[in-house]
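This report looks at one strand and its partners, and then at the surroundings of the ligand. The sequence and structure come before the text.

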Amino acid sequence: MFKRVLLKLSGEFLAGESGFGISPDTTAQLAHLITGALEGTGVELAIVIGGGNLWRGARNGKGMDAATADYIGMLGTVMNAMALQDAMEAAGQPTRVMTAIQMAAVAEPYIRRRAIRHMEKGRVVIFGGGNGAPFFTTDTTATLRALEIGADVVLMAKNKVDGVYDSDPRKNPDARRLDRLTHIEVVERRLEVMDATALTLCMDRGLPIVVFDLFEPGNLRRLLMGERVGTLIQS
Ligand code: UDP
């Protein structure tokens with residue numbers, strides 16, 4: 001059983017069918033899924049939310065100053081964090097949003113010791129604003145925050161993908177799911193888990209990663225209770 005975990009959600013989890021923007025219905029379903037899984041476990045949960053449903057610096061910001069495009073992306077993650085907070089609180093789960101870029105009128109600034117205190121009090125902390133620095137992704141934020149708050153593991157939530165495969169299962173029907181890997185194997189085999197910067201940080205610090213299908217019923221709860229689900233990456 002884990003004591004404290006960090007869950008990484010892509011921004012797309014908040015988008016409806018279109019894959020773009022924030023769907024209140026989809027966000028409510030997501031919030032119920034997470035809140036239901038967490039209920040009664042006593043596990044402390046922090047969430048890093050991405051922003052790909054709204055803006056991806058490198059892709060959407062073509063022709064723009066790259067850093068500016070990334071700052072726009074970071075602001076997008078704050079919008080997502082607020083939407084997720086709203087939905088989780090409606091589902092009965094106390095939460096706090098903390099942002100890496102200060103905007104005190106809408107959320108608390110990120111202060112590490114305060115984030116830990118919130119979790120000790122049973123609040124889910126949602127980190128918005130990425131790292132507060134351009135040229136990173138929210139995968140690196142997930143890793144960085146997980147290390148800072150002393151999380152046992154980073155849970156990389158996927159949509160209808162139940163772990164890491166040796167090749168793309170959508171293209172190769174013989175693709176095999178890998179239950180257990182080391183960080184270095186992921187690097188050497190160029191397996192898709194998280195971006196290279198984030199992965200290197202996990203490897204350097206020995207932080208375990210689990211890649212799992214968030215929408216397989218019961219998966220998140222089983223994971224929180226310490227069961228083996230999806231692919232475990234450990235040194
Ligand atoms: N971003 C950034 N620094 C960070 C985190 C995010 O500049 O520390 C920007 C970057 O432009 C990125 C965008 O925010 O493309 C959205 O985040 P990401 O692509 O990681 O979202 P996800 O794919 O998880 O939805």
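## Strand 1 and strand 6

The model described here is predicted. Leu6 has Val154, a residue of strand 6, as its bridge partner. This pair belongs to a wider contact: strand 1 and strand 6 (residues 153-158) run parallel and are joined by four bridges.

Is strand 1 mostly covered or mostly open? Strand 1 spans residues 4-9, and five of its six residues are buried, so the strand counts as mostly covered.

## Strand 1 and strand 2

Strand 1 also pairs with strand 2, which covers residues 44-49. The two run parallel, with six bridges between them. Within this pairing, Leu7 faces Ile47 of strand 2.

How does the chain get from strand 1 to strand 2? The path goes through helix 1, residues 24-38, and forms a right-handed β-α-β crossover.

## Around the ligand

The shell around the ligand holds 21 residues, and those that come nearest are Gly50, Gly52, Gly57, Gly73 and Gly130. Two elements give two or more residues to this shell: helix 3 (66-90) and helix 5 (138-149). Helix 3 supplies the largest share, with four residues.

What kinds of residue make up the shell around the ligand? Polar residues account for 14, while four are nonpolar and three are charged. Glycine is counted among the polar residues, so the five glycines named above, Gly50, Gly52, Gly57, Gly73 and Gly130, fall in the polar group.

Note on methods
Residues are numbered from 1 along each chain as its sequence is written. This is a predicted model: local features need pLDDT of at least 70, side-chain atom pairs count only at pLDDT 80 or more; totals for chains, interfaces and linings use all residues. A residue is near a molecule or strand if its C-beta atom, placed from the backbone, lies within 6 Å of it. A residue is buried if 20 or more other C-beta atoms lie within 10 Å of its own, exposed if 12 or fewer, and partly exposed in between; C-beta atoms are placed from the backbone. Two strands pair if DSSP finds at least two bridges between them. A crossover is right-handed if, with the strands pointing away from the viewer, the path from the first strand over the helix to the second runs clockwise.
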